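Please examine the sequence and the model shown here before attempting the exercises. Each task is followed by a solution in steps.

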Amino acid sequence: GGDLVLYYHSNSKPSGVVGIAKVCREGYPDHTAFDCKDPHYDPKSKRENPVWIMVDLEFVEKFPGTVALDTLKKTPALKEMLVIKRGQRLSVQPVAKEHFEVVRKLGQKAG
């Protein structure tokens, strides 16, 4: 635990990074996948062999504005960041330390 996370809104206009969170509990089985009444229910996920793992996050910092995906794409220092590459649709992606710091600086100036 303790890893910092860029918090990205993918379904907003504009899509982008809005702040920073921290992992405060490492991965554990997502209990909502076992509950047939929950929208996240997955009959393939069993308690003895869970398909879905979740982490808990805690708030660290909210940026004054959004660092839009467009801004990420136009920032030369971020050209290798996964989120701006074609075909990257994962909800969770690793971020290199140098990319994290660039985005943090952009975020603190956003707005």
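The exercises below concern salt bridges, a charged residue in a loop, and an alanine. The model is predicted, so local features need pLDDT of at least 70 and side-chain atom pairs count only at pLDDT 80 or more, while totals for chains, interfaces and linings use all residues. Residues are numbered from 1 along each chain as its sequence is written, and side-chain values use heavy atoms, with hydrogens and water left out.

**Exercise 1.** Determine which parts of the chain the salt bridge between E58 and K22 ties together.

*Solution.*
Step 1. A salt bridge requires a side-chain nitrogen of Lys or Arg within 4 Å of a carboxyl oxygen of Asp or Glu. In the pair of E58 and K22, the closest N and O atoms are 3.5 Å apart.
Step 2. E58 belongs to strand β3 and K22 to strand β2, so the bridge joins parts that are 36 residues apart in sequence. Helices (H or I, at least four residues) and strands (E, at least two) are DSSP runs, numbered from the N terminus.
Step 3. Buried means under 20% relative accessible area, exposed over 50%, and partly exposed in between (1.4 Å probe, protein chains only). E58 is partly exposed because its relative accessible area is 35%; K22 is also partly exposed, at 29%.

**Exercise 2.** Describe the salt bridge between K74 and D70.

*Solution.*
Step 1. The N to O distance between these two side chains is 3.4 Å.
Step 2. K74 and D70 are four residues apart in helix α1, so about one helical turn separates them.
Step 3. K74 is exposed, with a relative accessible area of 64%, whereas D70 is partly exposed at 45%.
Step 4. The structure holds five salt bridges.

**Exercise 3.** Is D30 buried or exposed, and which side chain of opposite charge is nearest?

*Solution.*
Step 1. D30 is placed in the loop between β2 (16-29) and β3 (53-68).
Step 2. D30 is buried and has no salt bridge. Lys and Arg count as positive and Asp and Glu as negative, while His and the chain ends are not counted. The nearest side chain of opposite charge is R47, 9.4 Å away.
Step 3. Leaving aside residues up to four places away in sequence, D30 touches W52, I53 and M54; contact means heavy atoms within 4.5 Å.

**Exercise 4.** Locate A77 and list the residues that A77 touches.

*Solution.*
Step 1. A77 is found in the loop between α1 (69-74) and α2 (97-109).
Step 2. A77 counts as partly exposed because its relative accessibility is 47%.
Step 3. Not counting residues up to four places away in sequence, A77 touches H99 and V102.
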